[in-house]
Structure formats: structure tokens, C-alpha cells
Amino acid sequence: MYATQITKVVTNVLKSIQVLLNNQIDEQSLHYERLVTHIKFFADRYLTDTMLQSDPSLIETVSLLYKKSMSYSQRIQRTLEEIYGKKITQEEIAYLAIHINRLLISQSEE
């Protein structure tokens, strides 16, 4: 049952990212693999209420450096909170934004 819940969260996040990035994701890239790994760990923390706690300096830095990725991450946050009825910490959103930014950079390098 728990594995199914994690799979659903991971699938929801990955589908959201694919939509936001217009299905322009190289699923064979190292950045994508790292993103998937991050999302699996995030899903576990999210479902067990053990999310990372807010680090204001990290959030501020990511918000300034990766505006587009942070915007995408916040859209995913709203979607997940609506589906699961649970809040997500801003630090989790910042880390997701970092991984999304890596995907965006890898796309532009192709």
C-alpha cells in the first residue's frame, strides 16, 4: 500500500514536470535520473511527515537564481497540496526547483 502511494506521488510530480516542460525531457539523462531519485525520497518524506525544514537562505537563493524553476516547483506544490491535502515545506520546493533547473539547463545544452 505504501509503495503504491509513493508511486502515485512520483508519477504526479513527473507528469506535472513533463507538462510544464512541454514533454521536452530526456529521460536517459543523468539529470532526469537524479530528479527521479530526489522525487522518490521527497515522496517518502511527504507521506511520512518528515519533510525538510525551511532554510530561509536556501529558499531566498533558489528563488533569486532559478525564478522559472521555482515557479514550476510552486505550481507542482499547489497541485500536490490540492490532491493530498498536505502542506509542503518551502525547502522541499526549493530542492525540487534545483532539480528542475538542472533539467532546463540540460535541455538548452542539446
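**Close-up views of a predicted model**

**View 1. Here's the ring cluster of Phe42, Tyr46 and Tyr84.** The count comes to two aromatic pairs, where rings of Phe, Tyr and Trp (its six-membered ring) pair if their centres lie within 6.5 Å, with planes under 30 degrees apart called stacked, over 60 edge-to-face and the rest tilted. Phe42 and Tyr46 make a stacked pair, 5.4 Å centre to centre with 15° between the planes. Both sit in helix H2 (residues 30-47), and because they are four residues apart there, about one helical turn separates them. (Helices are DSSP runs of H or I with at least four residues, numbered from the N terminus.) Phe42 and Tyr46 are each buried, meaning under 20% relative accessible area, while exposed is over 50% and partly exposed is in between (1.4 Å probe, protein chains only).

Before going on, two housekeeping notes. This is a predicted model, so local features need pLDDT of at least 70 and side-chain atom pairs count only at pLDDT 80 or more, while totals for chains, interfaces and linings use all residues. Residues are numbered from 1 along each chain as its sequence is written, and side-chain values use heavy atoms, with hydrogens and water left out.

**View 2. Tyr46 also pairs with Tyr84, this time edge-to-face.** The centres of Tyr46 and Tyr84 are 6.0 Å apart and the planes make 90°. Tyr46 lies in H2 and Tyr84 in helix H4 (residues 67-84), so this pair ties together parts that are 38 residues apart in sequence. How buried or exposed is each partner? Tyr46 is buried at a relative accessible area of 0%, whereas Tyr84 is partly exposed at 26%. Tyr46 has a charged visitor too: the charged end of Lys86 sits over its ring, 5.3 Å from the centre. For that label, NZ of Lys or CZ of Arg has to be within 6 Å of the ring centre and within 35 degrees of the ring normal.

**View 3. Helix H1 (residues 2-20) lines up its buried residues on one face.** H1 has 19 residues and reaches 27 Å from its first C-alpha to its last, close to the 27 Å expected at 1.5 Å a residue; the expected span is 1.5 Å times one less than the number of residues. Its buried residues are Ile6, Val9, Val10, Val13, Leu14, Ser16, Ile17 and Leu20. Looking down the axis of H1, these fall within an arc of 160°, so they line one face of the helix; the arc is taken over the directions from the helix axis to the C-beta atoms. Over on the other side of H1, Lys8, Lys15 and Val19 are exposed.

**View 4. Now for the largest cavity and its lining.** How many cavities of 30 Å³ or more are there? Just one, and about 70 Å³ of space lies in the largest cavity. On a 1 Å grid over the protein atoms alone, a cavity is a set of points where a 1.4 Å probe fits but cannot get out, and lining residues have an atom within 4 Å of a point. Points are joined across faces, edges and corners, and the volume is the space filled by probe spheres set on them. The lining consists of Val13, His38, Ile39, Phe42, Ile76, Gln77, Leu80, Ile88, Glu92, Ile93 and Leu96. H2, H4 and helix H5 (90-109) are the elements that give two or more residues to it.

**View 5. H2 and H4 can be checked for length and burial.** The end C-alpha atoms of H2 are 26 Å apart, which agrees with the 26 Å that its 18 residues should span at 1.5 Å a residue. For H4, also 18 residues, the ends are 25 Å apart where 26 Å is expected, which agrees as well. Among the buried residues of H2 are Tyr32, Leu35, Val36 and Arg45; those of H4 include Ser69, Met70, Tyr72 and Glu81. Leu80, which lies in H4, is buried at 3% relative accessibility.

**View 6. Finally, some positive phi values just after the helices.** Asn22 follows H1 with a positive phi near 55°, although it is not a glycine. Asn22 lies in the loop between H1 and H2 and is exposed, with a relative accessible area of 58%. Just after H2, Asp49 takes a positive phi of about 55°, and it is not a glycine. Asp49 lies in the loop between H2 and helix H3 (56-65) and is exposed at 57%. After H4 comes Gly85, whose phi is positive, near 65°.

How values were computed
On a 1 Å grid over the protein atoms alone, a cavity is a set of points where a 1.4 Å probe fits but cannot get out, and a pocket is an open set with protein on both sides within 12 Å along at least five of seven lines; lining residues have an atom within 4 Å of a point.
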